[in-house]
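Q: Please take a close look at one helix of this protein chain. Start with the whole chain, then show how that helix sits among its neighbours.

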Amino acid sequence: GWVDVFSRIHYKDIIIESLSYCRKEKGMELFAYVIMNNHIHLIIRSRSGDLSALVRDYKKYTSKQILHTILEINESRREWMIMIFSFYGEQAGFK
């Protein structure tokens, strides 16, 4: 179910903006990152020591922004992407 979300610049920009915000406001220390077509890799540290909370907040905010953008822009793959996200989200226990 790996969707090539980051093949579009809109979604890459969301990743960059979210990383920037977390660096400034959430105490994220960002050492390196790479954005692949369907996932990202980060080398980060939390100044507060609570890396799990930082990653949780980052993923929650970023995923909402990506979904909002998919629904708002003229995304040719919109229905397919939402279907894939819904299916795998339900498989993981999210509804």
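A: Buried residues (under 20% relative accessible area with a 1.4 Å probe, protein chains only) make up 26% of the 95 residues in the protein chain. The model is predicted: local features need pLDDT of at least 70, side-chain atom pairs count only at pLDDT 80 or more, and totals for chains, interfaces and linings use all residues. Residues are numbered from 1 along each chain as its sequence is written, and side-chain values use heavy atoms, leaving out hydrogens and water.

The chain holds 3 helices and 2 strands (DSSP runs, H or I of at least four residues for helices, E of at least two for strands, numbered from the N terminus). Their pattern along the sequence is α-β-β-α-α.

Now to helix H2, residues 51–72. H2 has 22 residues. From first C-alpha to last it reaches 31 Å, close to the 32 Å expected (1.5 Å times one less than its number of residues).

Seven positions need naming here: Ala 53, Leu 54, Tyr 58, Thr 62, Ile 66, Thr 69 and Ile 70 are buried in H2. The buried residues of H2 pack against helix H1 (9–25), strand E1 (28–35), strand E2 (40–46) and helix H3 (78–91), with contact meaning heavy atoms within 4.5 Å.

Take H3. H2 and H3 pack at about 150 degrees, with axes 9 Å apart (lines fitted to C-alpha atoms over the stretch in contact; angles run from 0 to 180 degrees between N-to-C directions). That makes H2 roughly antiparallel to H3, a term for angles over 145 degrees. Leu 67, Ile 70, Leu 71 and Glu 72 in H2 meet Arg 78, Met 81, Ile 82 and Phe 85 in H3.

How values were computed. Buried < 20%, exposed > 50% of the residue type's maximum accessible area, 1.4 Å probe, protein only. Parallel < 35°, antiparallel > 145°, perpendicular 65-115°, else oblique.
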